[in-house]
There are 2 protein chains.
Amino acid sequence: MGITIKDIAKLANVSPSTVSRVISNSPKISQETKEKVYKAMKELNYEPNVIARSLANNSTRILGLILPTSEDDLFENPFFMQAMKGISVYAQKKGYYIMYAFSENEEKELEFIKHYVRSKLVDGIILFTSRQNDKCISYLKNVGHPFVLIGRPEQPNDVLWVDNDNFRAMYNVVDFLVKKGYKDIAFIGGPENLYVTRDRFDGYRKALQTHAISEDDKVVKFAKHFSKQAGYEAMKEILAYKIPQAVVTTDDLLALGATHVLNELGIKGVAMVGFNNTYLAEYQVPSLTSVDINAHKLGEYAAKLLIEKLQKKDMPYTHYIVDTVLVERESTRL
Amino acid sequence: MGITIKDIAKLANVSPSTVSRVISNSPKISQETKEKVYKAMKELNYEPNVIARSLANNSTRILGLILPTSEDDLFENPFFMQAMKGISVYAQKKGYYIMYAFSENEEKELEFIKHYVRSKLVDGIILFTSRQNDKCISYLKNVGHPFVLIGRPEQPNDVLWVDNDNFRAMYNVVDFLVKKGYKDIAFIGGPENLYVTRDRFDGYRKALQTHAISEDDKVVKFAKHFSKQAGYEAMKEILAYKIPQAVVTTDDLLALGATHVLNELGIKGVAMVGFNNTYLAEYQVPSLTSVDINAHKLGEYAAKLLIEKLQKKDMPYTHYIVDTVLVERESTRL
DNA sequence: TTGAAAGCGCTAACAC
DNA sequence: GTGTTAGCGCTTTCAA
């Protein structure tokens, strides 16, 4: 049907293999031959068949993303879209394609990964893994298929991954607040068993220490979910004890819930900080100061690591730490 | 390297073509042969090479999504993610894969589409086209490559597309408000030149007519952007004239801006309705009644149409209208 | 530097 | 029903 390498070869008066060499920009092709071939390609409006190349090369240049379905809230978090865009933009630049799939649960996820790997559809896989995703990771490690994680893994030394420095991010938030004059700072975190929560909590404590502010367990709460409701309840518990000058949280939704309580009770002047800088933060009244985790960059670096790995099989396991940015809004300018 | 059809053939004591027929579930293969082959596949842990199949079949079973980069706000709208999920879920069920790419502008978009088509990478394309995207659409029409649009096209009769019934959706909103006792209802729409705005406006007018409520131009405003700021300004203009009993908008952000004015001025009891049911609506105080456009279904049907087209080349051009749902929250329970 | 030819893994006539 | 064989469009030895 379409134009093939043979048509080009005929028109340019060379052999198909020469055309192939021109396509892959082989160095041992004379300039004039190259130009002849390019001309023929232009003339016939030729573009190589990607699939045929993939088969011959045993490589598709396709990266597969595995997205968790999870609870809708999490899933509609702009984080995913931003990361997907970061991945896509970098990949496009390097001539890679992106495929994605949603998985309902870990079992399905594993199935899909297996399919991707065994059918040779994708050259590498990017996992959006917040939960401890042993099965998939260990499968991929086992079969030795290239992959990269977004989010710090349990064993950080034998996989490729990207993440924020969550310790530092929260440290900076607290430091920022203290320097603004707030001393009595409460903490509302997500589930305590998550790395991300623990790291941020540690950052909180360290910053207090640095500023010689004594910690107070009673203003520290860990919510069971990243929900507004959970933030609401945590804040209520804190208020039952005292009214802090400021509240740091590990998620915008938690911050929203906490703010809600304060509004209900008519308590003014308590500074509030969220995390993830979702657009909920921006469109709140008062708008919410929040930490931008730079999902776009996380995606970009994930793609970068993976593609480097694909091009250098023996690349050492490594990772990227993406900087966060504190976006100040009205909730800390009271 | 890997296991191929030949290995299976050998082990099962049949010819490669028989194995191939088993793979594609050909009806003219005896049950016992099938089982022999399946057994061999299991034993060797075999999975067909998707790329080789694609080459031989001249079909990849890959659908390509073209996503607009556009303004960040729009892009982070959960709409895209929901639609992408709808597409993915349906496609997976039918054994299709999804590839996506972001395009910076129409030019890049066209380039990408051309590449997809000419390199034979994708079997079909899904366009997220809100703007009038002539170049891409006419290219695809020209080359006769299967594609489907999310959003009503200029010429609705020679392409496949899916969309909401925007007229009806807004009609229902107004009808709902009137039945609750609101009569004096203002309208804040997006840019007037968009179909979606016009259709919704028509629905608004029709509903007023139906209930024998006279229209009042002075409570009708069209914003230049879908932004909070634009909603804010439109509402101010309306208030300069009078305080309506209710306000319908064509976007949650517009509704947020409008609500903001009311709060500032301490005006209570004005009902407010948004559109798109983003999670901004849910997490607002008071939470915002909004029309859910069911992006998931839009995606699902887009995939469905496209896949049907791929399987029946001569399928007539048609479209799906996806129902909207009015999600009532506090802003209409005042 | 270029060409001839085998092969990547699977499918689809065509034969039997 | 099943096997034989010639591709699908490109890459890559191996020779020249």
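Let's start with the contact between domain 2 and domain 3 of chain A. The buried area there is about 970 Å². Carbon and sulfur atoms give 46% of that area. Keep in mind that this is a predicted model.

Where do these domains run? The assignment for chain A puts domain 2 at 62–164 + 295–323 and domain 3 at 166–293 + 326–332. Domain 1 covers 1–37. Taken over C-alpha atoms, the centres of domain 2 and domain 3 of chain A are 30 Å apart.

Now the residues. Domain 2 of chain A brings 13 residues into contact with eight residues of domain 3 of chain A. Three residue pairs are in polar contact across this interface, both partners at pLDDT 80 or more.

How many salt bridges link domain 2 and domain 3 of chain A? The count is one. R152(A) and D199(A) pair through their side chains, with 2.9 Å from N to O. On the domain 2 side, the elements that give two or more residues are α6 (78–93), β5 (160–164) and α14 (295–311) of chain A.

Next, the interface between the chains. Here about 5300 Å² is buried between chain B and chain A. Carbon and sulfur atoms give 62% of it. Each chain puts residues into the contact: 52 residues from chain A, and 52 residues from chain B.

The salt bridge count between chain B and chain A is two. One of them joins R118(A) to E47(B), with the closest N and O atoms 2.7 Å apart. Polar contacts between the chains come to 16 residue pairs, again with both at pLDDT 80 or more.

Which elements of chain B supply at least two residues each to the side that touches chain A? There are helices and strands on the list. The strands are β1 (62–68) and β2 (97–103) of chain B. The helices are α4 (50–57), α5 (72–76), α6 (78–93), α7 (106–118), α12 (252–264) and α13 (279–282) of chain B. Which one gives the most? That is α6(B), with nine residues.

Last topic, the cysteines. The disulfide count over all chains is zero. Is C136(A) buried or exposed? C136(A) has a relative accessible area of 0%, so this residue counts as buried. C136(B) is also at 0% relative accessibility, and therefore buried. The cut-off for buried is under 20%.

To recap: about 970 Å² is buried between domain 2 and domain 3 of chain A, and about 5300 Å² between chain B and chain A.

How values were computed. Residues numbered from 1 in each chain as written. Chains lettered and ligands numbered in written order. Predicted model: local features only at pLDDT ≥ 70, side-chain atom pairs only at ≥ 80, totals over all residues. Heavy atoms only, no water. Disulfide = S-S within 2.5 Å. Buried < 20%, exposed > 50% of the residue type's maximum accessible area, 1.4 Å probe, protein only. Domains from an automatic or database assignment. Contact = heavy atoms within 4.5 Å. Buried area = accessible area lost by both parts, 1.4 Å probe. Salt bridge = Lys/Arg side-chain N within 4 Å of Asp/Glu carboxyl O. Polar contact = N/O pair within 3.5 Å; in protein donor to acceptor, adjacent residues only side chain to side chain. Helix = DSSP H or I, 4+ residues; strand = E, 2+ residues; numbered from the N terminus.
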